[in-house]
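Hi,

Here is the structure I promised to pass on. Have a look at it first, and then read my notes below.

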Amino acid sequence: MTKLALGAHPFLLGFDELERLVERTAKSDSGGGYPPYNIEQTGETAYRITLAVAGFGDSDLGITVEDRQLVIRGRIAASEEERVFLHRGIAARQFQRSFVLADGVEVARAHMENGLLHIDLTKALPESVVRTINISKGEDQS
């Protein structure tokens, strides 16, 4: 039995990048479960990603969109004061969390509230396009 690659299916013309996109998505969750996050639909074309980033300040976080990939990075700067922890249960390690965005999905805004980083996304609805193709007779008239 021959395994057919996802992007090579005869009905999926021009979707060569689809398989690479699926592979990249699978690799983007390499950070384990840290930090924990939620994804919710807040409207017909609106979504929100919420990350639990307790202990991180605005200046410790970076949000970028790189090649249709939303990347959130966190790194707490080293403190100059010596601190002695008797118990350290609040994770403050650096992280990178990535989400692949579909065409037309844009980051609307990001804000912090009560130790949660909220990233609001919107999706533009594609316009329906119908185009009639004329059939010519005879030789190719390029």
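**The sheet and the aromatic cluster**

Strands β2 (residues 46–52) and β7 (residues 116–123) pair antiparallel, with seven bridges between them. Keep in mind as you go through this that the model is predicted. Within that pairing, Ala 46 sits opposite Thr 122 of β7.

β2 also pairs with β1: six bridges connect the two, again in the antiparallel sense. Here Ala 46 of β2 turns up once more, this time with Gly 43 standing opposite. The link from β1 to β2 is a hairpin through two residues.

Put together, this gives an open sheet of four strands, ordered β1-β2-β7-β6, with antiparallel pairing. β1 (37–43) and β6 (105–113) are the edge strands; each has a single partner, so one side of each has no neighbour in the sheet. On average, neighbouring strands in this sheet are turned by 20 degrees against each other, ignoring direction.

Now for the rings. The count of aromatic pairs comes to three. In one of them, Tyr 34 and Phe 95 have ring centres 6.0 Å apart and planes at 90 degrees, so they pair edge-to-face. Tyr 34 belongs to the loop between α1 (17–27) and β1, while Phe 95 is in strand β5 (residues 95–100), so this contact ties together parts 61 residues apart in sequence. Tyr 34 and Phe 95 are both buried.

Phe 95 has a second partner in Phe 56: their ring centres are 5.3 Å apart and their planes stand at 80 degrees, so this pair is edge-to-face as well. Phe 56 comes from the loop between β2 and β3 (61–66) and Phe 95 from strand β5, so the pair bridges 39 residues of sequence. As for burial, Phe 56 has a relative accessible area of 6% and is buried, and Phe 95 counts as buried at 7%. Ring pairs thus join Tyr 34, Phe 56 and Phe 95 into a cluster.

Which residue lies over the face of Tyr 34? That would be Arg 93, at 4.0 Å from the ring centre. There is another arrangement of this kind at Phe 85, where Arg 88 lies over the ring face at 4.4 Å from the centre.

If you want a place to start, try displaying Tyr 34, Phe 56 and Phe 95, the cluster linked by ring pairs, and then add Arg 93 over the face of Tyr 34.

Cheers

Terms used:
Residues are numbered from 1 along each chain as its sequence is written. This is a predicted model: local features need pLDDT of at least 70, side-chain atom pairs count only at pLDDT 80 or more; totals for chains, interfaces and linings use all residues. Side-chain values use heavy atoms; hydrogens and water are left out. Two strands pair if DSSP finds at least two bridges between them. Axes are lines fitted to C-alpha atoms, for helices over the stretch in contact, and angles run from 0 to 180 degrees between N-to-C directions. Rings of Phe, Tyr and Trp (its six-membered ring) pair if their centres lie within 6.5 Å; planes under 30 degrees apart count as stacked, over 60 as edge-to-face and the rest as tilted. Buried means under 20% relative accessible area, exposed over 50%, partly exposed in between (1.4 Å probe, protein chains only). A charge sits over a ring if NZ of Lys or CZ of Arg is within 6 Å of the ring centre and within 35 degrees of the ring normal.
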